[in-house]
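This report introduces a structure to a reader who has not met it before. Please have the sequence and the three-dimensional view at hand.

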Amino acid sequence: MEQHTFHGLKLAEPICKALQGEGYEHPTPIQLAAIPHLLAGRDLIGCARTGTGKTAAFALPMLQQLSTTQKKIPPRGARALILTPTRELAVQVGESFRTYGRYLRIDHALVFGGVGQGPQVKALRRGVDVLVATPGRLLDLINQGHASLAQIEIFVLDEADRMLDMGFLPDIKKVIAMLPAKRQTLLFSATMAPAILKLAEGLLVDPVKVAVDPPASTLTQIDERVLFVDEGNKRALLSELLKSEEITRALVFTRTKHGANRLVKQLEKSDIAARAIHGNKSQTARMAALQDFRTGRCRLLVATDVAARGIDVDGITHVINYDLPNEPESYVHRIGRTARAGASGIALSFCGGSERPFLRDIERLLKRSVPVCKDHPFHASGIANTRGGTSGGAKITAQRNGWGAHRRQRTCPRYGCGRRGRLGAAK
Ligand code: AMP
């Protein structure tokens, strides 16, 4: 169908050419649903998590609008503002603008904390088309008179749920208060919790609502397993799993920053190269860790939830929940780091005795149980058999998101537990 191409969405030739260069053949569902409304100037509330193609869903129409209505930007001003919760996400959004706008004359600047402000001030001095920023540093620069939001025509609040989780609501409100009343506003969030809807109410005017990939579900191509293990055996279990060559790029989640550091040290003692990424690390250290992970210099990145939020690394074969998250939504965010852009992936969750309630909450949110892998040397049947436990054999009613989802049956590395349950059986 003509509409199912980027040309069919009425995107301009220079944009289609850039997308072709990236190898994008078809718009993703969120792009199909959002782009026509955004080109028509509507406000939009999008329920979509990272990995669905949501960045292009807002960046492409934005590039088109900005390039067809070229204007002189006053010093320190910008025509579009994208607020992101993390520096990493800001960098990625900036990279997307660079990629998709390759054949257009649209410039962008990045503003985030943890690095010197000098280069950012300089980048803003003459004004930019697109400003991608985290809230804290943006407010700092505005307060010092280095940035102005008076000319903003399009405002995007990206990953709004995570913004609120990270306590950015007061900062977001300050930013919103500085925006011109006449503007186009977009809000993206992986969940539509009441606090998000409340925020949206005062922010958007008659918004189009677009939802893909409902938040309480996970994509079919992620093969999930829970492994019951005594806390003291978690590291041995991880080492055992890492013997598998199938794990070529794994994101390992710990609950705390301290836990992440400790795990990396322990792994290094066993000659397993790993890097940690969390909020206490300097921006330079975070970038270096990400780079090592991206280039394959190390196959393990140990992260906390907040740090991992904006990471967009292709080819993550495994997400390993070394600790289960105490917020069930984080589980969905975490496992979504693998199986991105239609690839398949494996999510393995370690569950110690004290984490049983976390697993229960996750399964409640998912409305299904996570299949159990017992076939490993550290299986703790005592934990597995705790009352209120997971059945492991429940029918999985997985959602499809329908694009590029080559649903393959995957087996848990080495232990072949994929034989037990087949994900993605839903039509
Ligand atoms: P996002 O949800 O914006 O983080 O995008 C997830 C990944 O999907 C990124 O690596 C994009 O480069 C990729 N992507 C976005 N749109 C498409 C598309 N239409 N076709 C193929 N890949 C895409």
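The sections below describe the surroundings of the ligand and then one strand.

## Basis of the report

The structure is a predicted model.

## The ligand and its shell

The ligand is surrounded by 16 residues. The closest of these are Tyr-24, Gln-31, Gly-51, Gly-53 and Thr-55. By character, the shell comprises 4 nonpolar, 8 polar and 4 charged residues. Because domain 1 (2-211) and domain 2 (222-426) both contribute residues to this shell, the ligand lies between the two domains.

## Polar contacts of the ligand

Oxygen atoms of the ligand take part in several pairs with the protein. An N or O atom in the side chain of Tyr-24 is 2.4 Å from a ligand oxygen, and a polar side-chain atom of Thr-55 is 2.5 Å from a ligand oxygen. With Lys-54, a polar backbone atom is involved, at 3.3 Å from an oxygen atom of the ligand. On its own the ligand has 500 Å² of accessible area, of which the protein covers 85%.

## Strand β8

Strand β8 spans residues 222-228, and 7 of its 7 residues are buried, so the strand is largely enclosed by the rest of the structure. In a regular strand, side chains alternate between the two faces of the sheet. Both faces of β8 are covered: one carries the buried residues Ile-222, Glu-224, Val-226 and Phe-228, and the other carries Asp-223, Arg-225 and Leu-227, also buried.

Strand β13 (residues 345-351) pairs with β8 in the parallel sense, over 7 bridges. Within this pairing, Glu-224 has Ala-347 of β13 as its bridge partner.

Technical notes
Residues numbered from 1 in each chain as written. Predicted model: local features only at pLDDT ≥ 70, side-chain atom pairs only at ≥ 80, totals over all residues. Heavy atoms only, no water. Near = heavy atom within 4 Å. Polar contact = N/O pair within 3.5 Å; in protein donor to acceptor, adjacent residues only side chain to side chain. Areas by Shrake-Rupley, 256 points an atom, 1.4 Å probe, with all protein chains shown as cover. Nonpolar A, V, L, I, M, F, W, Y, C, P; charged D, E, K, R; others polar. Domains from an automatic or database assignment. Buried < 20%, exposed > 50% of the residue type's maximum accessible area, 1.4 Å probe, protein only. Helix = DSSP H or I, 4+ residues; strand = E, 2+ residues; numbered from the N terminus. Pairing = 2+ DSSP bridges.
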